[in-house]
Amino acid sequence: MKIGILSRGPQNHSTRSLSEAALNAGHTAEILDPFGFYLHIGGAGNRLTYYGGSAENFDVVIPRLSRTTAQYGEEVVAHFEWIGTPVINRARPIAVARHKFHSLRILAQHGLPIPPSLTVGSSEFLENAVAGMGDYPFILKPFYGTHGRGVMLLDTPTSLTSAVDALCDFHHDYVIQPFIVEAGGVDIRVLVVGGEAIAAMKRSAPPGEFRANIHKGGTGEMVALPEEYINTAIKAAAALELEIAGVDLLQTNEGPVILEVNPSPGFEELEAVIGINIAAAIIEFAAKFAQKN
């Protein structure tokens with residue numbers, strides 16, 4: 001089976017591991033730079049080429065899109081879908097999951113637990129709007145972002161209003177959410193592949209930090225999750241129509257709450273903490289997925 005891995009980072013751990021796992025399973029694998037594709041519509045025909053050669057002979061494609069490659073990369077994924085190549089994940093679910101507010105809306109529509117969330121176009125009625133969401137501090141996070149970048153913790157009405165004013169002036173869209181005290185500095189990352197939760201870890205922020213992201217100095221440890229948490233993660237991936245997803249959960253007094261869902265989750269830390277070959281599990285699923293589609 002010929003497997004394409006859509007990524008600009010051939011030395012990225014997850015990308016490299018997927019390529020090695022594919023080869024170890026007897027497949028061929030090619031790491032494909034999203035910016036090397038040419039997407040043809042009409043004229044001489046609807047087709048997909050890669051650095052001048054045909055790119056229509058892959059059995060399955062696995063997108064690994066970063067923040068900088070996602071916009072054009074999603075078009076490449078959509079073109080693969082159009083010519084009939086099985087793709088894990090598809091373009092629209094990737095786009096929806098990357099948009100934090102849009103994805104929260106869909107999760108809420110499916111009756112899944114999310115934090116109270118607000119986005120605004122001005123600060124004029126901000127204080128009235130946040131009044132029913134909980135107490136200060138509040139967290140602001142960009143519509144698009146990874147690794148905790150751009151996330152702010154604001155603990156007074158003045159700081160929140162000032163931040164929202166500045167963001168609106170620069171036409172930047174943010175989600176406002178209450179800081180959940182009992183979950184502060186800790187979250188749960190669950191990796192869902194093909195409708196199954198195959199790995200999970202608890203991430204804890206370093207002293208003085210409220211973000212548990214590994215890229216912000218957080219540490220991971222193995223965790224045994226209650227069934228409620230596992231089912232919530234699986235349902236979140238299904239609601240966003242993702243075959244592969246990293247689902248981040250908060251442990252609250254009311255049970256699991258979905259923080260966000262990542263459509264291109266890295267898994268280096270998960271493999272180190274859990275001690276399983278995640279790349280091999282993804283390749284095994286990809287091969288089965290291609291055969292069914």
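The residues lining the largest cavity of this structure divide into eight nonpolar, two polar and one charged. The structure is a predicted model, and the tour below begins at that cavity.

**First stop: the largest cavity**

Select Leu18, Ile62, Pro63, Arg64, Ile88 and Asn89, and then add Ile244, Pro263, Ser264, Phe267 and Ile282. Together these residues form the lining of the largest cavity. The space inside amounts to about 60 Å³. How many cavities of 30 Å³ or more are there? The count is one.

**Second stop: the second largest pocket**

Next, select Val193, Gly194, Glu196 and Ile198, together with Ala281, Glu284, Phe285, Lys288, Phe289, Lys292 and Asn293. These residues line the second largest pocket, which holds about 240 Å³ of space. Colour strand β11 (196-204) and helix α9 (278-292), since each of them supplies at least two residues of this lining. Which element gives the largest share? It is α9, with six residues. By class, the lining of this pocket has five nonpolar, two polar and four charged residues.

**Third stop: helices α2 and α3**

Two packed helices are described by the angle between their axes and the distance between the axes. Select α2 (residues 70-82) and α3 (91-98). The axes of α2 and α3 come within 8 Å and cross at roughly 155 degrees. An angle over 145 degrees counts as roughly antiparallel, and therefore α2 is roughly antiparallel to α3.

Now display the side chains where the two helices meet. On the α2 side, select Ala70, Glu74, Val77, Ala78 and Glu81. On the α3 side, select Ala91, Ile94, Ala95 and Arg98. This contact of α2 with α3 comprises six nonpolar residues, no polar residues and three charged residues.

**Fourth stop: helix α4**

Move on to helix α4, residues 100-109. Which residues of α4 are buried? They are Lys100, Phe101, Ser103, Leu104, Ile106 and Leu107. To see what surrounds these buried residues, show the elements against which they pack. The helices among these are α3, already visited, and α7 (227-239). The strands are β7 (138-142), β9 (174-178) and β14 (255-262).

Finally, select glycine 111, which follows α4. The phi angle of glycine 111 is positive, near 75 degrees.

How values were computed:
Residues numbered from 1 in each chain as written. Predicted model: local features only at pLDDT ≥ 70, side-chain atom pairs only at ≥ 80, totals over all residues. Heavy atoms only, no water. 1 Å grid on protein atoms, 1.4 Å probe; cavity = no way out; pocket = protein on both sides within 12 Å on 5 of 7 lines; lining within 4 Å. Points joined across faces, edges and corners; volume = space filled by probe spheres on them. Nonpolar A, V, L, I, M, F, W, Y, C, P; charged D, E, K, R; others polar. Helix = DSSP H or I, 4+ residues; strand = E, 2+ residues; numbered from the N terminus. Buried < 20%, exposed > 50% of the residue type's maximum accessible area, 1.4 Å probe, protein only. Contact = heavy atoms within 4.5 Å. Axes fitted to C-alpha atoms, helices over the stretch in contact; angles between N-to-C directions. Parallel < 35°, antiparallel > 145°, perpendicular 65-115°, else oblique.
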